[in-house]
Structure formats: C-alpha cells, structure tokens
Amino acid sequence: MKKYIFTLFALFGIFVSGNLLAQSLTASPATITQPTSGTVSVTLTRSGSWGSSGNYSLTTSSATGISTPASFPFSWSSGTTSTTVTFTTAAIGTYTFTLTRNGVSQQATVVVEAPAPIGCNGQYYVSYGSFNSSTSTTSMSKLNFAGSTISTSSFTTNPTGIGFNAIGINPLDGFMYGVRYSPMSLIRVSANASGNVVNLGTITNASISSGDNAYAGCFDSDGTFYFLTDADEFYKISGINSPAAPLAATFIRTMSDAVDFFVDIAIDPTDGQMYGVAGIGSNNKTLYKINKTNGTLTVVGTYSGSNY
C-alpha cells in the first residue's frame, strides 16, 4: 500500500512540476538603458498552458516612469500572447512584472541601467548605412590598429530604425553624438548594449530646412559640436554635457565656395585647426582648412580615388 501511495505522489509531483514549467513570462530586451528623452519599449511574452478560462492580470513592482500600460494591474486579453511595456523616465533599477491567471503566476524582470559613456580615448568609430532616411538603420564598427593592420569589431546600435550621421565624441561627457536624417535631430549614443541610441529632440535654427541632412560633424575640446549640412550650411551647438542637451544651433555661414557638400570634418587636437573634405564621385575632392569662427575656407589640396 505504501508503495502505491508513493507512486501516486511521485506522479502528482511530475504533473504539477511539468505544468509550472510549461508556463513562462519573458521580457525582451531584458536590459535597457535609462531613457532621458523619448521612450524605450519592452515586449512581455507569455507561453505555455495557463488554463482554459480566467483573466490574466499583469502587475509590476513599480509603475513609476512607465507610460504603457497606463495603469496596473493590467488586464491582459486571453487572445494575445504578448504586450508592450513603454518606459519613459523610469529610475535605474530592476522592475519585476508578474502575470497571474487561475492562481498561477510567472515573473519576468527588466533591468534599467544608466547610460554609459563611450569615452574620448582615441578609439576610432565608423558609421554606415544603406539609405539616408530618418527611419533607416545606421550601423557602426570600431577600428582596431595593430601596426599597419586595421581590423574592425562591431559596435551595437539599438534600437534599429534610427538613421543618423555626422558623429563625434564629446570630450566633456564621453558620449557620442550625431545628427539624425531629416528632420534633423540630435542623437546620443552610449556604450550600453541595448537602447543606446537616443533621439534627444529636433535641432532648431531658422536657416534649417525640412529636407536638410548632415553628413559631417565633430566636437571641439570645449564640447562645442560643429556640423555641416548637404546645403553647405555650417552650424554649432554649445553646452552639450549630459544630461544637458541643448537643441538650439547657431548658424555660422553657408559655404557656397566649396566644390560640393562636406562629407566629413575633424579638428586637430594639437592646434585646434578644423579640416574638412568635400566632394564625392567624379567631383573634385578637396581638403580644406575651416575657420571655426566664421567658416572661411582655405584649400589645402585635392585628392583622387575611386573608393569614395
């Protein structure tokens, strides 16, 4: 008799354990960068058998800084397998979400971490993409130098669907910034693995047109961000130092005397002189010195080649 009772309990234990293991709640991504502007979305997905009836109830350890769902507990429809949680100004920490139905609960956690600076340490980054659209995906790579050998390693840009260019690293806060394709917005890039590309807002100046794009950008040692549009308009933004991210640009000059629009600019850290290259394809490709105060151009020389 004891043998049969033991077997019954063993079978019952397997049934209960198997039923619990068949149910799950997962979060993707499970780690996000704290949003300082805009939003970050996380998808919660349920799977397994939760019974044939009853309402799903979703609760959270803290709803502060979460805009969607608008309120908790959230009644999760039985006809859907996933729902979106939208973080806005959520504090750094771990958020636990609990889904309950018929007395059975499963949990998923989302870690909100602080934005991490990339650092202004001589590392070289390259951005590239297939199309200059604000909703295209800009990818990035780090260049590694070993003597005369150059190799690349990937650098995550997340979320996708944010097209930007004119990148530079701010020596004051260590974050990378760039300009999103039209309508032009200021973008911040951190070293975090998820949610590291943040749209900080639309850049403003009366001279900016709705279709302008910027391909060339860089920082000076004092944290001033300079950028040039494809209309050869030269701008600067002063005072960027995270979390401060001013969006008002100062117009300096239209460089109509350049051979074509500028594809890149950089500042020599030894003397503060800005240089820029203009011209693509069959156009005369020219290296210029650029006066940062008034935008005056001085030709250094021309270059040729079919790779750009």
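1. Strand β13, which covers residues 164-169, contains A166, and in this predicted model that alanine deserves an early look. Its phi is near 55°, a positive value in a residue other than glycine. A166 is also buried, since its relative accessible area is 1%, so a reader who wishes to inspect this backbone angle should look for a residue that is covered by the rest of the chain.

2. A second residue with a positive phi is D232, where the angle is about 65° although the residue is not a glycine. Whereas A166 sits in a strand, D232 is placed in the loop between β18 and β19. The relative accessible area of D232 is 11%, and the residue therefore counts as buried.

3. Two cis peptide bonds may be taken together. One joins F72 and P73, with omega at about 0°, and P73 is found in the loop that runs between β5 (66-68) and β6 (74-76). The other leads from S242 to P243, with omega near 10°, and P243 belongs to the loop between β19 (233-237) and β20 (250-254). In both cases the proline is thus placed in a loop between two strands.

4. As for the chain as a whole, one helix and 24 strands are assigned to it. What radius of gyration does the protein chain have, beside that of a compact globule of 308 residues? The chain has 26 Å, while such a globule would have a value near 19 Å. The box filled by the C-alpha atoms, taken along the principal axes, is roughly 100 × 45 × 35 Å.

5. Of the 308 residues in the protein chain, 40% are buried. The area that the chain exposes is about 15,400 Å², and carbon and sulfur atoms supply 54% of that area. Among the contacts with a separation of 6 or more, 52% are accounted for by residues that stand 24 or more positions apart.

6. T83 offers a local example of contacts between residues that are separated in sequence. This threonine is in strand β7, residues 82-87, and it counts as buried because its relative accessible area is 14%. When its neighbours within four places in sequence are left aside, T83 is in contact with V42, T43, L44, L58, F74 and W76. For one of these partners, L44, which is 39 residues away along the chain, the separation of the C-alpha atoms from that of T83 is 5.4 Å.

7. The structure holds two salt bridges, and one of them is formed by D220 and K292, whose closest N and O atoms are 2.7 Å apart. Which parts of the chain does this pair tie together? D220 lies in the loop between β17 (214-219) and β18 (225-229), and K292 lies in the loop between β23 (285-290) and β24 (297-303), so the pair links parts that are 72 residues apart in sequence. D220 itself is buried, as its relative accessible area is 11%.

8. The other salt bridge brings together the side chains of D257 and R253, with a distance of 2.9 Å from N to O. Here D257 counts as partly exposed because its relative accessibility is 42%, and R253, with a relative accessible area of 22%, is also partly exposed. The aspartates of the two bridges can therefore be set side by side: D220 is buried, whereas D257 is partly exposed.

9. A nonpolar patch of about 520 Å² lies on the surface, made by Y124, V126, Y128, F145 and I150. Strand β10, residues 124-128, gives the largest share of the patch, namely three residues. I150 comes from strand β12, residues 149-155, and is exposed, given that its relative accessible area is 53%.

10. No disulfides are present in the structure. Why is C120 without such a bond? The closest cysteine sulfur, in C218, is 11 Å from the sulfur of C120, which is too far for a bond, given that a disulfide requires the two sulfur atoms to be within 2.5 Å. Seen from the other side, C218 is in no disulfide either, with the sulfur of C120 as its nearest cysteine sulfur, 11 Å away. C218 counts as buried because its relative accessibility is 7%.

Key. Residues are numbered from 1 along each chain as its sequence is written. This is a predicted model: local features need pLDDT of at least 70, side-chain atom pairs count only at pLDDT 80 or more; totals for chains, interfaces and linings use all residues. Side-chain values use heavy atoms; hydrogens and water are left out. Buried means under 20% relative accessible area, exposed over 50%, partly exposed in between (1.4 Å probe, protein chains only). A salt bridge is a side-chain nitrogen of Lys or Arg within 4 Å of a carboxyl oxygen of Asp or Glu. Helices (H or I, at least four residues) and strands (E, at least two) are DSSP runs, numbered from the N terminus. Patches are made of residues with over 30% relative accessible area and no salt bridge: like charges are joined within 9 Å, nonpolar side chains (Val, Leu, Ile, Met, Phe, Trp, Tyr) within 5 Å. Accessible areas come from the Shrake-Rupley method with a 1.4 Å probe; for residues, only the protein chains shown count as cover. The radius of gyration is taken over C-alpha atoms; the globule rule is 2.2 Å times the number of residues to the power 0.38. Contact means heavy atoms within 4.5 Å.
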